[in-house]
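Please open your viewer and get ready to click along. We will go from the whole chain down to single residues, one selection at a time.

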Amino acid sequence: MTNPPPPGNWSDPTWSAQPSSPAPDPTVVAGQPVPAQPGPVDPYAPDPYAAAPYAPDPYAPVDPYAGAKQPATQPMPGYAPPGYPPQYPGYGYPQPPKTNGLAIAAFVLALIGFTSCITAPIGAILGHVAQKQIRLSGEGGAGMAKAAIIVGWILTGFLVLVIAIYAAAIIYAIVTSDNSSSSY
């Protein structure tokens, strides 16, 4: 069964049995003939995919001021020439400063003062000395030194309070003792 022709002057290209244009040639692409299959490869021909022998490295860092004109003035004597600051060794963030050994010792002695109150004042005094060393040398450990001072003096205060209570108890016991019962 065949469909009737469309009404009016509109022509449907799928309706007619005749093609409107000839079939495209499969050997021609975009108006250019398709190249033939490649022949044997010359083993001595240069590699077309190899990088140029003196091509710059595309991943190398680029100086943004490479084409800039240098200033006419010379750096003042005693000052470093302009340029980039020195790089840190290694990658990432710079290494933290070395921790002061006296701050570590002061912190340990102050913490040992919880069990034996005798080392607490030593830890507090060493904490003060460590703070002065840290200010002069720029080493790390200021927080440990401050913690040793705080813990050491608090425990020293408790030690003094306990000694005062024992002394008061001894004095009270001596004063309230009955000396009349001792007759030799």
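## The whole chain

Start with the surface view: the accessible surface of the protein chain comes to about 16,400 Å², and 67% of that belongs to carbon and sulfur atoms. Keep in mind that this is a predicted model. Of the chain's 184 residues, 11% count as buried.

Now switch to a cartoon view. You should find three helices and two strands, running β-β-α-α-α from the N terminus on. Contacts between residues at least 6 apart in sequence are worth a look too: 55% of them join residues at least 24 apart.

## Stop 1: helix H3

Select residues 142–175, which make up helix H3. This helix has 34 residues and reaches 49 Å from its first C-alpha to its last, close to the 50 Å expected at 1.5 Å a residue.

Which residues of H3 are buried? Colour Ala145, Ala148, Ile149, Gly152, Leu155 and Thr156 to see them. Show H1 and H2 as well, since the cover over the buried residues of H3 includes both of these helices.

Next, pick out Ile150, Ile154, Phe158, Leu161 and Ile165, which make a nonpolar surface patch of about 500 Å². As you step through these residues, a general rule is handy: an α-helix has 3.6 residues a turn, so residues three or four places apart point the same way. Zoom in on Leu161, which sits in H3. Leu161 counts as partly exposed because its relative accessibility is 48%, and a residue is called exposed only over 50%.

## Stop 2: helix H2

Move on to Ile122 in helix H2. With a relative accessible area of 42%, Ile122 is partly exposed. Draw a distance from its C-alpha to that of Gly152: the two atoms are separated by 7.5 Å, although the residues are 30 apart along the chain.

Stay in H2 and select Thr119. Is Thr119 buried or exposed? Its relative accessibility is 16%, so Thr119 counts as buried. Leaving aside residues up to four places away in sequence, Thr119 touches Leu109, Ile112 and Gly113.

## Stop 3: a salt bridge

How many salt bridges does a search of the whole structure find? The search finds one. To see it, select Glu139 and Lys98, whose closest N and O atoms are 3.3 Å apart. The pair links distant parts of the chain, 41 residues apart: Glu139 is in the loop between helix H2 (119–137) and H3, and Lys98 is in the loop between strand S2 (32–33) and helix H1 (101–112).

In general, side chains of opposite charge can pair when their charged atoms come close. Compare the two partners on the surface: Glu139 is partly exposed, with a relative accessible area of 25%, whereas Lys98 is exposed, at 60%.

## Stop 4: Asn100

For the last stop, select Asn100, also in the loop between S2 and H1. Asn100 counts as buried because its relative accessibility is 2%.

What does the side chain of Asn100 reach at 2.7 Å? Show the backbone and you will find the nitrogen of Leu102 there. A polar atom of the Asn100 side chain also lies 3.2 Å from the backbone nitrogen of Ala103.

Finally, display the surroundings. Not counting residues up to four places away in sequence, Asn100 touches Ala130, Gln133, Ile134, Glu139 and Gly140. Glu139 should look familiar from the salt bridge with Lys98.

Methods. Residues are numbered from 1 along each chain as its sequence is written. This is a predicted model: local features need pLDDT of at least 70, side-chain atom pairs count only at pLDDT 80 or more; totals for chains, interfaces and linings use all residues. Side-chain values use heavy atoms; hydrogens and water are left out. Patches are made of residues with over 30% relative accessible area and no salt bridge: like charges are joined within 9 Å, nonpolar side chains (Val, Leu, Ile, Met, Phe, Trp, Tyr) within 5 Å. Accessible areas come from the Shrake-Rupley method with a 1.4 Å probe; for residues, only the protein chains shown count as cover. A salt bridge is a side-chain nitrogen of Lys or Arg within 4 Å of a carboxyl oxygen of Asp or Glu. Helices (H or I, at least four residues) and strands (E, at least two) are DSSP runs, numbered from the N terminus. Buried means under 20% relative accessible area, exposed over 50%, partly exposed in between (1.4 Å probe, protein chains only). A polar contact is a pair of N or O atoms within 3.5 Å; within protein, one must be able to donate a hydrogen and the other to accept it, and residues adjacent in sequence count only if both atoms are side-chain atoms. Contact means heavy atoms within 4.5 Å. The expected span of a helix is 1.5 Å times one less than its number of residues.
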